[in-house]
Amino acid sequence: MLTKSKSRMKEHYYCFHNYKEEELFINSSKTKGIYPNIVEQIVEQLDICLAIHKRVLVVRFDLSLDEYTGDNRTISTFINRLKEKLFKLKRYRMKDIGHVWVREQEEAKQQHYHVALFLDGNKIQHPSKLLQLIKAKWYKHGRVWIPKKERVDDNGCFYYIEKKNFVEERDNAIYRLSYLAKTRGKGYKDAQAKNYSVSRLK
């Protein structure tokens, strides 16, 4: 029987979270908790990417698995190989790629992963070809789900952050990415496996 491991991370139940003297508007409420530690690491890596690249494309997608695994080797290997591919492809030649993935399992027997990539916006402005590549690379493991537009002015699965829209688009991206930090669905895994992973750009 699958059991949920207890998390030692602090939980947060409020729509604002203070991080480095900034009030972040996040997807949380009195009944919908998040782990602030995850949010902070996401924002840290996003801001590092913005400092490195000046323009950043944030791409969101979900990956499901055909079979349950207690560890995260499949997603870890996939992300590493995807980054290697993006560096080798002439079209991109990208390095300093940020990422976050979180492991969740709710009603399905298998876990799924919510994923976001932070990419050099000077080399990629729209994710359509990238998403085709991701689908081609992941198909042997399971399904790729691309978030749809939630509003008329919503880009759906991506945010393109640059100087002219920096404040608004960064805020929108942070709110959307904070969903990955939600407490619900986490903890179903082997004892030594992680609930999430964030890149370590400096």
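How much accessible surface does the protein chain have, and what share of it belongs to carbon and sulfur atoms? The surface comes to about 11700 Å², with 49% belonging to carbon and sulfur atoms; accessible areas come from the Shrake-Rupley method with a 1.4 Å probe, and for residues only the protein chains shown count as cover.

Before you start clicking, two notes. This is a predicted model, in which local features need pLDDT of at least 70 and side-chain atom pairs count only at pLDDT 80 or more, while totals for chains, interfaces and linings use all residues. Residues are numbered from 1 along each chain as its sequence is written, and side-chain values use heavy atoms, with hydrogens and water left out.

**Stop 1: the whole chain**

Show the protein chain as a cartoon and you will find four helices and eight strands. Helices (H or I, at least four residues) and strands (E, at least two) are DSSP runs, numbered from the N terminus. Trace the sequence and the pattern reads β-β-α-β-α-β-β-α-β-β-α-β. The C-alpha atoms fill a box of roughly 50 × 40 × 35 Å along the principal axes. The radius of gyration is 16 Å, which agrees with the value near 17 Å for a compact globule of 202 residues; it is taken over C-alpha atoms, and the globule rule is 2.2 Å times the number of residues to the power 0.38.

Buried residues make up 49% of the 202, where buried means under 20% relative accessible area, exposed over 50%, and partly exposed in between (1.4 Å probe, protein chains only). Of the contacts (heavy atoms within 4.5 Å) with a separation of 6 or more, 72% are between residues 24 or more positions apart.

**Stop 2: strand 5 and its partners**

Now select residues 112–120, which form strand 5; eight of its nine residues are buried. Add strand 3, residues 56–64, and you will see an antiparallel pairing with strand 5 over nine bridges. Two strands pair if DSSP finds at least two bridges between them. For a landmark, pick Arg60, which stands opposite Ala116 in strand 5. Next bring in strand 4 (98–104), joined to strand 5 by seven bridges and also antiparallel. Here Gly98 has Phe118 of strand 5 as its bridge partner.

**Stop 3: strand 7**

Go back to strand 3 and add strand 7: the two run antiparallel and are joined by four bridges. Val59 has Phe158 in strand 7 as its bridge partner. Show the side chains of residues 158–161: which point one way and which the other? Phe158 and Tyr160 go one way, Tyr159 and Ile161 the other, and all are buried. In a regular strand the side chains alternate between the two faces of the sheet.

**Stop 4: the loop between helix 2 and strand 4**

Helix 2 covers 73–88, and Arg93 sits in the loop between this helix and strand 4. Arg93 has a positive phi near 50° and is partly exposed at 41% relative accessible area. Asp96 lies in the loop between helix 2 and strand 4, with a positive phi of about 55° and 32% relative accessibility, which counts as partly exposed. Most residues other than glycine have a negative phi.

**Stop 5: Lys182**

Finally, select Lys182, in the loop between helix 4 (166–178) and strand 8 (196–198). Is Lys182 buried or exposed? Lys182 is buried, with a relative accessible area of 2%. Leaving aside neighbours within four places in sequence, its contacts are Gly33, Ile34, Tyr35, Glu104, Glu106 and His114.
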